[in-house]
Amino acid sequence: MNKLFSIGFWSATARFILRNRTFIIIGIALLTVFFAMQWKHMRFTYTEANLLPDDHEINQEYNEFLSKFGEEGNLIVFGVKDSTLFTPKNFQAWNALSTNLKKDPSVELTLSIGDLQKLEKNEEKEGFVMTPLVKDSVFTSEILNQLQYELFEKLPFYKGLVYSPDKTGVRTAVYLKKDIVNTPARKEFIEEVLIPQIKQFESETGIKVHTSGMPYIRTLNSQNIIDEIGLFIGAALLVTSVIFFFFFRSFRATFISMFTVIIGVMWSFGILGLLKYEITVLTALIPPLIIVIGIPNCIFLINKYQQEIKQHGNQAKSLQRVIAKVGNATLMTNVTTASGFATFILTNSQLLKEFGVVASICIIAIFLLCLFIIPIIYSYMRVPKYKHLKHLNKGWINSFVDWMENMVRKNRIAIYIVSISLLCLSIIGIFNIKISGSIIEDMPKNTDFFKDIRFFEKEYEGIMPLEILVDTKRKKGVMKLATLKRMDELQEYIEEIPEFSKPLSIVDLVKFSKQAYYNGNPEYYQLPNSQERTFILSYAKSSASNTNLLTSYVDSTGQYARITAFMKDTKTERFDRIEEDLKAEAAKIFPEDRYNVTFTGKALVFQKGTKYLVNNLILSLSLAILLIALFMAWMFRSFRMILVSLLPNLLPLLVTAGLMGFIGVPIKPSTILVFSIAFGISVDDTIHFLAKYRQELIANDWKIKKSVYAALRETGVSMFYTSIVLFFGFSVFTISSFGGTVALGALVSVTLVFAMLANLLLLPSLLLSLEKSIANKETFKKPSLRILPDNMDDEDNISEENPTKSNKN
């Protein structure tokens, strides 16, 4: 009954496709137009990927911080390290640059030398007033020399904020309005206002300007992602078409395949727009992935069609057989590939969920496109000539198949020794794998903005924000002297850590107030003592609202204070130790019964998100293995067959993981995808081989060796073809400027090569060595799922009516 149903279903499918080819083509065209109309809904990400679920404790703490102080990543900085800046012409241009930027409606505040103000005591009002540091509009060398001296020697408040700790460089801080930070307006300001004005300054003065800050980095990094989508698609089409033509030596077959996958790419963009998902560094990979995964479908279908034509020359029968025989096998392999991606849907990371949803839908879509378009197009074309079929007799392919067969026949022990050796080495390498939670590690190293990140890390000791939220548990508790002293103690501790810049908080404004109270003497840049606190703190409170400088560091109730420190790009192991030490120090300084201290910020959230993804990697990979195991159990109804089928696919994953440990590629958001993707694709070869093996067993009266060698020769060529396409297809990602994308492409390519060899050498070797344990008629005779018909002519019993009406339309 199963056999008749399977044959009947695919025979009916073949008849439906070929009889309704015009309507199907019209339907595909209409769907393509529909998806093209969805492109307008595609959105590009304006923030870093949040790898944690919304209800995660770290996310909740970060959102609580944002509710008190708003978006923290609104600071853009640009700086110079050039002694000629303090010459009249150059300084005038530097001052004009910040003045012009300040006028833009996207800018909340600028902090440049020309904007700096000094706190001065006003005894009549019992407060402080802000007076400009730069009072002249015309600059002379004498004025600038005096300005340099006053800034560097008398205003420690601005150290690390406006001038570098070693006093050799200066920078300007531009605070964007918080409501535009994560909108297209940010991109417009940076690309149309900031960058052109900085370039104009550089051309006028010859001084190199370094620019950074999270809004700037996000914008340029996002633009790189967008630029690389077209690069990947073009490269994937070029590489796969060249390889395809090399194998088939047919412009017609190459064109049909490229046409099919291009429609798949259009659909993938449309699905992204329809679902209104953002294009991130992960979802940007889906269109070229569809090309790489779609071409093997084309290979299987076209190769089978040409084999059938060569065998009997009947186009109608050939097209029916292509759909009936290869359709089922290709469906199963695409389902397993989609399953590898779909496991990401079950994670709690929104980023991975969206990637899994779109990728799995697109894989099934490209399967349907291939199944419909290729037979229909060929049904309108003439029967292939002999020159189109010559590739089926390539001598070097036969030599490769002979080598594989010889290895399995005579060198099974060597295959096992190599496999076990690779396994042992891989386990050693796995223990050397590191985890990386760096925000900037995957950013393109050859770009100017990445070099500028390194500049600010060196000159200003950090660029990635770490936020500390201090809850005093009572209103107006922040301005208590005891609280300020505790915050100051923690800031001094942070300043001693080499990975951090000088922290900034309300404490610095109070210190500035005391200095101002003592007529600007820098020796008094410190917190007031108990005798001074009454009048100095009253001065500070009364003037805080007028300074417009640090009011964002205390909330409106006075209960919450914020300490901001900028950190260098730090390895995960070191970051973990710093975090542990910081929390221990904070616990000693701030008693738990009186204070709550929370560590948050983008840098910490991203670090925690990476660790969370590692746990999700284990979950998603385990789910993928379970799904494939259930599929094998359904197909073969044998526990031993499950083990035999999984071993050749797990070994390449272990080898890749070991390789990552040996060459120093860390586990990070991009490389985490390698294992589930590679496993979902590599198991396709196993399904093809075992399905053919089962078919040969029945045809050869359960003669194990004959069946294994026949299956190896039959499937070896197509497995080699598809593996080569996949290898070079994924290698396309190595041209990326993003380190994570390069690693993803290289690692998946390597894994798939190992998987091909494992399925062509280790799998048949295991079948031969364990033949008595796993090969019995009950296991294979009546499987729950048929991938290939037992009798190659079964489906020929369908109606003799020619669905294409003519062999030579």
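What follows is a conversation in questions and answers about a predicted model of a protein.

Colleague: What kind of model is this, and how many helices and strands are there in the protein?
Modeller: This is a predicted model, in which local features need pLDDT of at least 70 and side-chain atom pairs count only at pLDDT 80 or more, while totals for chains, interfaces and linings use all residues. Residues are numbered from 1 along each chain as its sequence is written, and side-chain values use heavy atoms, with hydrogens and water left out. Helices (H or I, at least four residues) and strands (E, at least two) are DSSP runs, numbered from the N terminus, and the protein has 26 helices and eleven strands.

Colleague: What percentage of the residues in the protein are buried?
Modeller: A residue is called buried under 20% relative accessible area, exposed over 50%, and partly exposed in between, with a 1.4 Å probe and protein chains only. Of the 809 residues in the protein, the buried ones make up 59%.

Colleague: Which helix gives the most residues to the largest nonpolar core?
Modeller: A nonpolar core is a set of buried Ala, Val, Leu, Ile, Met, Phe, Trp, Tyr and Cys residues joined through side-chain atoms within 4.5 Å. The largest one has 140 residues, and those touching the most other members are Phe-355, Phe-675, Phe-689, Tyr-693, Phe-730 and Leu-767. Apart from this core lies another, of 101 residues, among them Phe-450 and Leu-490. The helix that gives the most to the largest core, with 18 residues, is H11.

Colleague: At roughly what angle do the axes of helix H8 and helix H11 cross?
Modeller: Axes are lines fitted to C-alpha atoms, for helices over the stretch in contact, and angles run from 0 to 180 degrees between N-to-C directions. The axes of H8 (residues 251–275) and H11 (residues 350–379) come within 9 Å of each other, and they cross at roughly 145 degrees.

Colleague: How many nonpolar residues are in the contact of H8 with H11?
Modeller: Ala, Val, Leu, Ile, Met, Phe, Trp, Tyr, Cys and Pro count as nonpolar, Asp, Glu, Lys and Arg as charged, and the others, Gly among them, as polar. In the contact of H8 with H11 there are three polar residues and one charged residue, and the nonpolar residues number 21.

Colleague: Which residue is 6.4 Å from Ala-678, C-alpha to C-alpha?
Modeller: Ala-678 has its place in helix H22 (residues 673–699) and is buried, with a relative accessible area of 0%. Leaving aside neighbours within four places in sequence, Ala-678 is in contact (heavy atoms within 4.5 Å) with Leu-653, Thr-751 and Leu-752. The residue 74 places away in sequence and 6.4 Å away in space, C-alpha to C-alpha, is Leu-752.

Colleague: Which residue forms a salt bridge with Glu-457?
Modeller: A salt bridge is a side-chain nitrogen of Lys or Arg within 4 Å of a carboxyl oxygen of Asp or Glu, and by this rule the count comes to eleven. Glu-457 and its partner are three residues apart in helix H15 (residues 448–460), so they are separated by about one helical turn. Glu-457 counts as buried at 7% relative accessibility, whereas the partner counts as partly exposed at 35%. With the closest N and O atoms 2.8 Å apart, the partner is Arg-454.

Colleague: What is the N to O distance in the salt bridge of Glu-191 and Lys-187?
Modeller: Glu-191 and Lys-187 are four residues apart in helix H6 (residues 184–205), so about one helical turn separates them. Glu-191 is partly exposed at 32% relative accessibility, and Lys-187 is partly exposed at 25%. Their side chains meet with an N to O distance of 3.1 Å.

Colleague: How many residues apart are Arg-574 and Glu-499?
Modeller: These two residues form a salt bridge, with the closest N and O atoms 2.9 Å apart. The pair links distant parts of the chain, with Arg-574 in helix H19 (residues 572–589) and Glu-499 in the loop between helix H16 (481–495) and helix H17 (506–517), and the separation is 75 residues.

Colleague: Is Lys-476 buried or exposed?
Modeller: Lys-476 lies in the loop between strand S9 (464–471) and H16, and has a positive phi of about 60 degrees although it is not a glycine. With a relative accessible area of 64%, Lys-476 is exposed.
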